[in-house]
Amino acid sequence: MVVYIDLIFAANLLIDAVLLWLTGWMIKVRIRWWRLWLSALVGALYVVMMFVPELSFMYTFLIKFGLSVIMIGVAFGFTSLQGFLRSMGAFYIINFAAAGGILGVHYLLQSSGDIWNGILYTAAGGYAYRLKIGFWFVLFILLLVLGCYKAVHSSRARREKLEAYIGTVQVEIEGVTVTCSGLLDTGNRLYDPLTKTPVMVMEASLWEEYLPESWKGRLSQEGADQLLLETDGQSFIWQDRLRLVPYRGVNRGASFMLALKPDHVAVTLGETTTGHRKVLIGLDGGTLSGDGAYRAIIHPDLAQSESAIHPGGVA
């Protein structure tokens, strides 16, 4: 069997560098490039030592753990014990995730015959499994697993950041109460221009049961002013609560949004609940969140008590 040490060294240098870079990304610490490659060099040299029989004593738990400490110290330095342990924990988590991903994909692609051919029976009566994984397979799957890990972690971080702005919205109109999750949009500055009443946007499907039958599927396609004209002569219990709110969308000209005047709106963000009467409920004919995380856009004025919002205004 021919072993290309230079190829093994180069591959482990690249793998260690990727693992260290991903560790820095995970703990939000930027690593200087020379620290990154110097630390990866330490790890790659250790792997090459396995081909020197005289150094077999170095393949013990304490030596391996000590090597990881050195690699983290070289890559990130030592600013505090807490920071160092945080870096160490992230490094091991990423390594275990990568190793588990490689083994998982390897077994997933194997047939039952491959598995049985790899089983060895020991002298003690037990059995062991001989694992044969190609070098290029390991390298490719490792990069694939780490890429997926980074994508999943990023998605989770974005979701957690988003959830800090998600609360509960409860709207009441003539005894009808609709509750849903809402996203606090600090950039939302939509007001009724006449009364300066803040407008909270909700998915129209939440009110579908109470809206005119002819509006179904048309709110996102036709002008709100046209739909409002069609309600003349029709039986709509909340017709006196309808409002037209002008707005300007992204890359769109001026348009109108249908809105309802509620009796009361309660907004809960974290442990704080605020009640409001001076508010309009804009109806959006589409879906506000692709994953259903929220179905309303909370106006920032609704995050504070009503007495602090436009004092002296008339709803």
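Which residues does Val171 touch, not counting residues up to four places away in sequence? The close-up views below start there; the model is predicted.

**View 1. Contacts of Val171.** Val171 touches Val176, Thr177, Val178, Met200 and Met202. Its contacts also include Trp207, Pro262, His264, Val265 and Ile281. Residues up to four places away in sequence are not counted here.

**View 2. The largest nonpolar core.** This core has 30 residues. Val171, Met200, Met202 and Trp207 touch the most other members. Seen by element, two or more residues each come from β3 (166-173), β4 (176-184), β6 (197-203), β8 (254-260), β9 (264-269), β11 (280-284) and β12 (296-298). The largest share, four residues, belongs to β4. Another core lies apart from this one. That other core has 25 residues, among them Ile15, Ala17, Leu19 and Leu36.

**View 3. Trp21 on helix α1.** Helix α1 spans residues 5-26 and contains Trp21. Is Trp21 buried, partly exposed or exposed? Its relative accessible area is 45%, so Trp21 counts as partly exposed, because that class lies between the 20% and 50% limits. Leaving aside neighbours within four places in sequence, Trp21 is in contact with Ile31, Leu36 and Lys150. Arg32 is eleven residues from Trp21 along the chain. The C-alpha atoms of Trp21 and Arg32 are separated by 9.8 Å.

**View 4. Helix α2 and its buried residues.** Helix α2 covers residues 33-48, 16 residues in total. From first C-alpha to last, α2 reaches 23 Å. That is close to the 22 Å expected at 1.5 Å a residue. Its buried residues are Leu36, Ser39, Ala40, Gly43, Ala44, Tyr46, Val47 and Val48. An α-helix has 3.6 residues a turn, so residues three or four places apart point the same way. The buried residues of α2 pack against α1 and α3 (61-76). One of them, Leu36, is also a contact of Trp21 and a member of the 25-residue core.

**View 5. Asp185, annotated as active site.** The "active site" label on Asp185 comes from an unreviewed UniProt entry. Where is Asp185 found? Asp185 sits in the loop between β4 and β5 (191-192). With a relative accessible area of 30%, Asp185 is partly exposed. Asp185 touches Ile297, Ile298 and Pro300, not counting residues up to four places away in sequence.

Terms used
Residues are numbered from 1 along each chain as its sequence is written. This is a predicted model: local features need pLDDT of at least 70, side-chain atom pairs count only at pLDDT 80 or more; totals for chains, interfaces and linings use all residues. Side-chain values use heavy atoms; hydrogens and water are left out. A nonpolar core is a set of buried Ala, Val, Leu, Ile, Met, Phe, Trp, Tyr and Cys residues joined through side-chain atoms within 4.5 Å. Buried means under 20% relative accessible area, exposed over 50%, partly exposed in between (1.4 Å probe, protein chains only). Contact means heavy atoms within 4.5 Å. The expected span of a helix is 1.5 Å times one less than its number of residues. UniProt positions are given in the numbering used here, feature names are shortened, and annotations may be inferred rather than shown by experiment.
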